[in-house]
Amino acid sequence: MSTKRMGNNAQNPFYDTPEKPPHIHEKTAGVPLRFQQQDFSQILRGTLPERALFTKGTGAYGTFTVTNDITKYTSANIFSSVGKICRIFARFSDFKSEKGSADTNRDSRGFALKFYTEDGIWDLVGSNSPVFFIKEPAKFPEFVKTQQRSPVTNLKSATNMWNFCCAHPETLHQLLMYFSGRGTPKGFRHMHGYGSHTYSMINAENERVWVKYHIKTQQGIKNLVPTQAAQLKSTHPDFAQEDFINALQNEDFPKWTLYIQVMTEEQAKEFRWNPFDVTKVWFYDEFPLIEVGEIELNEIPGDYQLNIEEAAFSPANFVEGLGLSPDPVLQARIATYAEAQQYRLGRHANLLEVNRCPFSAEKVKSEKNSQKARHFSKFENEDSYPESAYSENEDDHFTQPGLFYTKALQDYDRVELVRNIIEAMNEISGPQRAEIINRQICHFFRANIELGMKIAMGLQINIDANMMNHAGS
């Protein structure tokens, strides 16, 4: 039976003839035809399924060095002595990014750290913001859908995002940070990182305190104005990654300082807000920063696929002396990360080199590490801090956003914030446009009247008495 030829030997050596069936392990006319099946398989299977969130990112190895004694708060061996060094891995990413998207887009940035301690893996899975959009895990799927493409049009929708935010005022604090300069950092080296959630530390006497982690850049905060971000989007869509890798190649190793805020259990009971509410911060004047150590990133991974892409982080990975909190969003993350990683990397993701504890075979499996850590103290299964105990100001979603606007931002920051919000809200469309805008402006008014007025004026919205009454309530 004759087969169709395609070109000649020189043009295409992989063709069939009636006389000679194809054998890819032969040579014809001196042209090598050996085709290694594993090479082809590597091409086909060389990429992993993308992360559902934080898809585009970069990372590096480095060190964490203890610079201050915090053993009165924790018995974790990683902090046992000043000067102690621990190898770490860091991954930076964009929250709603896609593989081909620009990393200068306005977005929340992932800031994840993996500590290879002698007691196992400790993952601090944070972002460049001290707060998050929601505080109830049941709302997370709905929120994520507003950040993704429509299943009908395959387009992203500003209307969906604002429709969610106006219906959930607890998003306001993060929303203001998102539309400030923090939403467009000038690369990963020039942004702070935060654990965001409340965690716990337990000392040798089995005494517990609540903590928040802060990772402050030593390179100084630098943000992109919208025009800069837009220009880089077209000319250097990988700007943040290029900036980071170039710094490491030039041995300009980026550094951060790790701090904690500490709240005792007695202080937690008297705190004005729920201390486990991830939409709230603890004020520095009440709970000052305590230095812990220095982070330096100084090693570019030898293989992006085997390190950056195969890296798997989870809040469930922690060691003795460290712990979690009743924060419901944190608890939900613990329950869901393993499933996401199993889908993306397989059942044994914790055995991959980047995720493996290097100290002993007994401590390789991060699941075992976290299980041990969760069961070592008297606080296991304790329900001393039910959420109902903090219901007095549970619906106060406006005081802290108002303070962020008036205290944390400078005059030029406030101008930029208002401009960014107006531009974003002008993209709202459809029959619900007026309703969405009016509801959201009411939230801005309740946080700060000046903020509400400037946004309303920019959107050419007439302010009625009803809206002003909401602002004063």
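A search of the whole of this predicted model finds 5 cavities of 30 Å³ or more, and the largest cavity holds about 60 Å³ of space. Aromatic contacts are a second theme, with a count of 29 aromatic pairs, and a further topic is the set of buried residues in helix 11 (residues 399-408).

**Cavities**

- The lining of the largest cavity is made up of D107, S108, N128, S129, Q174, M177, Y178, R182 and G183.
- By residue class, that lining of the largest cavity divides into 5 polar, 2 nonpolar and 2 charged residues.
- Y178, one of the lining residues of the largest cavity, is also a member of a cluster linked by ring pairs.

**Aromatic pairs and the ring cluster**

- Of the 29 aromatic pairs counted in the model, one is formed by F79 and W122, whose rings are edge-to-face at 5.9 Å centre to centre, with 80 degrees between the planes.
- F79 belongs to the loop between strand 1 (57-66) and strand 2 (85-94), whereas W122 belongs to strand 4 (residues 120-127), so this pair ties together parts that are 43 residues apart in sequence.
- F79 counts as buried because its relative accessibility is 1%, which falls under the 20% limit, and W122 is likewise buried, with a relative accessible area of 3%.
- The rings of F271 and W273 also form a pair, with centres 6.1 Å apart, and because their planes stand at 70 degrees, over the 60 degrees required, the pair is edge-to-face.
- F271 counts as buried at 9% relative accessibility, and W273 counts as buried at 2%.
- Ring pairs link F54, F95, F132, F133, F140, F143, W162, F164, Y178 and F179 into a cluster.

**Charges over rings**

- K114 lies over the face of F313, at a distance of 4.7 Å from the ring centre.
- The charged end of R414 sits over the ring of Y405, 5.9 Å from the centre of that ring.

**Helix 11 and what covers it**

- Within helix 11 (residues 399-408), the residues Q400, P401, G402, F404 and Y405 are buried, and Y405 is also the residue whose ring has the charged end of R414 over it.
- The cover over the buried residues of helix 11 includes helix 4 (172-179), helix 12 (411-425), helix 13 (433-447) and helix 14 (449-458).

Note on methods. Residues numbered from 1 in each chain as written. Predicted model: local features only at pLDDT ≥ 70, side-chain atom pairs only at ≥ 80, totals over all residues. Heavy atoms only, no water. Phe/Tyr/Trp six-rings, centres within 6.5 Å; stacked < 30°, edge-to-face > 60°. Helix = DSSP H or I, 4+ residues; strand = E, 2+ residues; numbered from the N terminus. Buried < 20%, exposed > 50% of the residue type's maximum accessible area, 1.4 Å probe, protein only. Lys NZ or Arg CZ within 6 Å of the ring centre and 35° of its normal. 1 Å grid on protein atoms, 1.4 Å probe; cavity = no way out; pocket = protein on both sides within 12 Å on 5 of 7 lines; lining within 4 Å. Points joined across faces, edges and corners; volume = space filled by probe spheres on them. Nonpolar A, V, L, I, M, F, W, Y, C, P; charged D, E, K, R; others polar. Contact = heavy atoms within 4.5 Å.
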